[in-house]
Amino acid sequence: MYRFPLHFLLYTCAILSLLALVEISFFYSNQKDEQQYEIHKYSMEDESAINESVDFELKKRRLPGCLIIGARKGGTRALLDALALHPMIRAARREVHFFDRNDTFSRGIAWYKDQMPLSFHHQLTIEKTPAYFPSFVTPERVFQMNSKMKIIVILREPVIRTISDYTQVYYNRLELKKSLPLFGEVVFRNGTDQIDTDYKPVRNSLYEIHLRSWLNYFPLSQIHIVDGDKFGIDPLPELRLVESFLNVPHLINSSSLVWDQRKGFFCFRKNQRQPPHCLGDSKGRTHRPVSSSTRENLRKAFLPYNERLFALIGRRFRW
Ligand SMILES: Nc1ncnc2c1ncn2[C@@H]1O[C@H](COP(=O)(O)OS(=O)(=O)O)[C@@H](OP(=O)(O)O)[C@H]1O
């Protein structure tokens, strides 16, 4: 009787299994390539679809790779909201004040990470706390956590910024039913033309002093300065520069930035189906009245600080 040779059968099975293995691995590698291609070719419109297609397990909280450190009243919220339109950027919604306050800093890095939004590995997390910029302790703490941290500062003409800061203090005190001396009385020392550099709304405008303490830890190439005055009226060119600084593709486009006549500012929308989201009433509100002579005295007092800042950064602003 004819006997089928067993070794031949085993040999055939082995070859077939090998072929099946090659086929399976080819199929998976194709799928992976396609998935990666999807991630790279996406536009903002299909971000949610891609996120759904990627395993949810991949989403986790990550420490920020970029901080918007200030300046207070420079346009930090609008900048963060505009950057959050980018599919490769995730923004922490609230100001965390991790580095500038001892009580929060002592909670540790794990606590800080917990304050961050969920993100995929290809996304960059950004946190903004304007109090970081003038804080003496913050640059070293940030450096110790991540010496490669990307830092963004958005600067605005310092006289207007000071008035905006004072206006915020005015409304905060109003809520507590407290009054506030006139702008000229708190900004200058006892009726002189010497600015009170200890008064916070003034101090926050001495950009040169604050930037110097950051430059003790980070090279200028790691610090990107946004022109806040330009950003307020025409955000896209400034956003393009930030995208380049962050090494992400230019994906924020003009259809996401919608001018709001009533607000007098741009509002933001992630996709065409959503209504634009404008910043709250405390952003872009009418400032407290300040006489033109007080403004002029303040402008002159800021000049030497501005000049030293321009020398430090090798760039001039029109203030
Ligand atoms: N798109 C858009 N919408 C609203 N407001 C805008 C926008 N772009 C820039 N700005 C300017 O942002 C200023 C508030 O700055 P900040 O967000 O840094 O303020 S804060 O420090 O967080 O309180 C705010 O300052 P004020 O006008 O003095 O209120 C605005 O001038």
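In what follows, a residue is called buried if 20 or more other C-beta atoms lie within 10 Å of its own, exposed if 12 or fewer do, and partly exposed in between. The model I am presenting is a predicted one.

Let me apply that definition at once to Thr-294. This residue has 19 C-beta neighbours inside 10 Å, and therefore counts as partly exposed. Thr-294 belongs to helix H13, which spans residues 292-313. Leaving aside residues up to four places away in sequence, Thr-294 touches Phe-183 and Gly-184. Relative to Ala-84, Thr-294 is 210 residues away in sequence and 38 Å away in space, taken C-alpha to C-alpha.

Helix H13 also packs against helix H7, residues 158-175; the angle is about 115° and the axes are 9 Å apart. On the H7 side, the contact is made by Pro-158, Val-159 and Thr-162, and on the H13 side by Arg-295, Leu-298, Arg-299, Phe-302 and Asn-306. By class, that contact comprises 4 nonpolar, 2 polar and 2 charged residues.

I turn next to the annotated region. The UniProt record, an unreviewed entry, carries the annotation "domain: Sulfotransferase" over residues 66-265. Across residues 66-265 the chain is 40% helix and 16% strand, and the C-alpha atoms at the two ends are 25 Å apart.

The unreviewed UniProt entry also places the feature "active site" at Lys-73. Where does Lys-73 lie? The residue is in the loop between strand E2, residues 66-70, and helix H3. Is Lys-73 buried or exposed? Lys-73 counts as buried, because it has 24 C-beta neighbours inside 10 Å. Again setting aside residues up to four places away in sequence, Lys-73 touches Arg-156, Arg-161, Ser-164, Asp-165 and Gln-168.

Ser-164 brings us to the ligand. The shell around the ligand holds 16 residues, and the closest are Thr-76, Arg-77, Ala-78, Ser-164 and Phe-265. Two elements give two or more residues to this shell, namely helix H3, residues 76-83, and strand E9, residues 265-268. Which of the elements supplies the largest share? That is H3, with 3 residues. In composition, the shell divides into 5 nonpolar, 6 polar and 5 charged residues.

Helix H3 itself is mostly covered, with 6 of its 8 residues buried. The buried residues of H3 are Thr-76, Ala-78, Leu-79, Leu-80, Ala-82 and Leu-83.

As for strand E9, its partner is strand E8, residues 257-260; the two run antiparallel and are joined by 4 bridges. One of the pairings sets Val-258 opposite Cys-267 of E9. E8 and E9 form a hairpin with 4 residues between them, and Gly-264, in the turn, has a positive phi of about 80°.

Finally, I come to strand E5, residues 124-128. Why is E5 described as largely enclosed by the rest of the structure? The reason is that 4 of its 5 residues are buried. Strand E2 runs parallel to E5, and 3 bridges join them; here Leu-67 has Glu-127 of E5 as its bridge partner. Strand E3, residues 89-91, likewise runs parallel to E5 and is joined to it by 3 bridges, with Ala-91 paired to Ile-126 of E5.

To return to the ligand in closing: helix H3 gives the largest share of its shell, and the loop between E2 and H3 holds Lys-73, the position that the UniProt entry marks as "active site".

Terms used
Residues numbered from 1 in each chain as written. Predicted model: local features only at pLDDT ≥ 70, side-chain atom pairs only at ≥ 80, totals over all residues. Near = placed C-beta within 6 Å. Nonpolar A, V, L, I, M, F, W, Y, C, P; charged D, E, K, R; others polar. Contact = placed C-beta atoms within 7 Å. Pairing = 2+ DSSP bridges. Axes fitted to C-alpha atoms, helices over the stretch in contact; angles between N-to-C directions. UniProt positions renumbered as here; feature names shortened; annotations may be inferred.
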